Amino acid sequence: MEDSSRKIRFLYYSSVSSTNLKARELLRNKVHSWTVIVAQSQEKGYGKGENPWFSPPGGLYFSLIIPEISIKNIRLLTFIAAIAVTQSLRKKFNLEAVIKWPNDVLVPSQNTLKKSSPLGFKKIAGILVENVIGERSKNSIVGVGINTNIEKFPGSLLGKATSILRQTAKSVNDKEILDFFLKGFQELFKESEIDILNEYKKYEILRGRKVNVSFQDKKISGTVCDFDKKGALMVKLKEGRIIRILEGILELV
Amino acid sequence: MRTRISIKNKSYDIEISKVKENLFKVKVKNKDYFFTQDKSGELIFLEKRGYPSLDAQERIEIVPNLPQQREIKTPIAGIVSKIHIKEGDTIKAGQTIITLAAMKMENEIISESYGKVKKIRVKKNQFVNTEEILITLE
């Protein structure tokens, strides 16, 4: 995408309300690009639409402040982060991590007989990109939560979430995985749009699957056929028409 | 940012803020001093504005007459997930007006102009395309 000085600075906090909120607070007072805000736990970790993200000590929670990029590239940030997390999990821990469009990173459930989670996958990491956009200014924050050393999940997440510790029975060094992620992220950041999309498609699992999609008070059923070059989901309806979805709730059939 | 500075053994409590792109305000007691930056980064003093009284309950941000937009458009497509303002509100430059969701990203659209909101042109959950008008200012 674009290049700039790539020196990374780290800011560590024992606990914050959320690393994305902390990043926004820092941005108001000017902060260098490629600053990483890391917290041991988040009191109000959140995902899309303010859904809570379980953030006890033992997980890796961080937000990355991105250099200013053009509006048309902003949507690639979620993809870049998802690829970088997936590659970190694959290369460092030999996990068969995959991406569920657009921002969830999953691993196969060990016990696939229990059909408690769709497709036999459990969520291991999540990404929330937040942009503050004006006519002349653009700020982007990439928030990432990776379940690294979380031993136990609450009942509501059982069967849906897992951690590296639970998958590999080994505790992991958060800093090592963070450095690996950042290196991967910065390399992808320099790539072209088409290369990023192709890399993303290698790990994405929705293509070819039947889905129900709720969006703008409508509900449709169809099969995911591809992504368009903007990264929107292309869903083929029964009658053969293809619709593009930029935002909606996906339910696997 | 609030800070205290000393000049010639006298200390002043000052507040520095960015009003909008390339417009900075330094508040000293009940006076606002506005600055802009030239190409080399040098600060250029624009003008001074005083408030009638420090006790004024509701102070409306007074800023110099720099070019500004009457229509705030979105540079990005998405679904309106949150409207942060009401018609009749006085907004400042830099204030978040609308949050748009797209591909699980939260995009906060900020106004880089200031003024009174005349009309909000979008509704919650509505899809808006690039360059569509979100709000108009009086």
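## Chain B and its meeting with chain A

In chain B, 42% of the contacts with a separation of 6 or more link residues 24 or more positions apart. Keep in mind as you read that this is a predicted model.

Let's stay with chain B for a moment and look at what it is built from. Its secondary structure comes to 13 strands and zero helices, so if you walk along the sequence you will meet one β element after another, in the pattern β-β-β-β-β-β-β-β-β-β-β-β-β. As for burial, 25% of the 138 residues of chain B count as buried.

Now turn to the place where the two chains touch. Here 23 residues of chain A are in contact with 21 residues of chain B. On the chain A side, two elements each supply at least two of the touching residues: α2, covering 71–74, and β6, covering 121–133. Of these touching residues of chain A, the largest share comes from β6(A), with five residues. Sorted by class, the side of chain A that touches chain B holds nine polar residues, together with seven charged and seven nonpolar ones.

β6(A) deserves a second look, as this strand also takes part in pairing across the two chains. Its partner is strand β10 of chain B, residues 105–110, and the two pair in the parallel sense over four bridges. To find this pairing in the viewer, you can start from E130(A), whose bridge partner in β10(B) is E106(B).

Conventions
Residues numbered from 1 in each chain as written. Chains lettered and ligands numbered in written order. Predicted model: local features only at pLDDT ≥ 70, side-chain atom pairs only at ≥ 80, totals over all residues. Contact = placed C-beta atoms within 7 Å. Nonpolar A, V, L, I, M, F, W, Y, C, P; charged D, E, K, R; others polar. Pairing = 2+ DSSP bridges. Buried ≥ 20, exposed ≤ 12 C-beta atoms within 10 Å, placed from the backbone.
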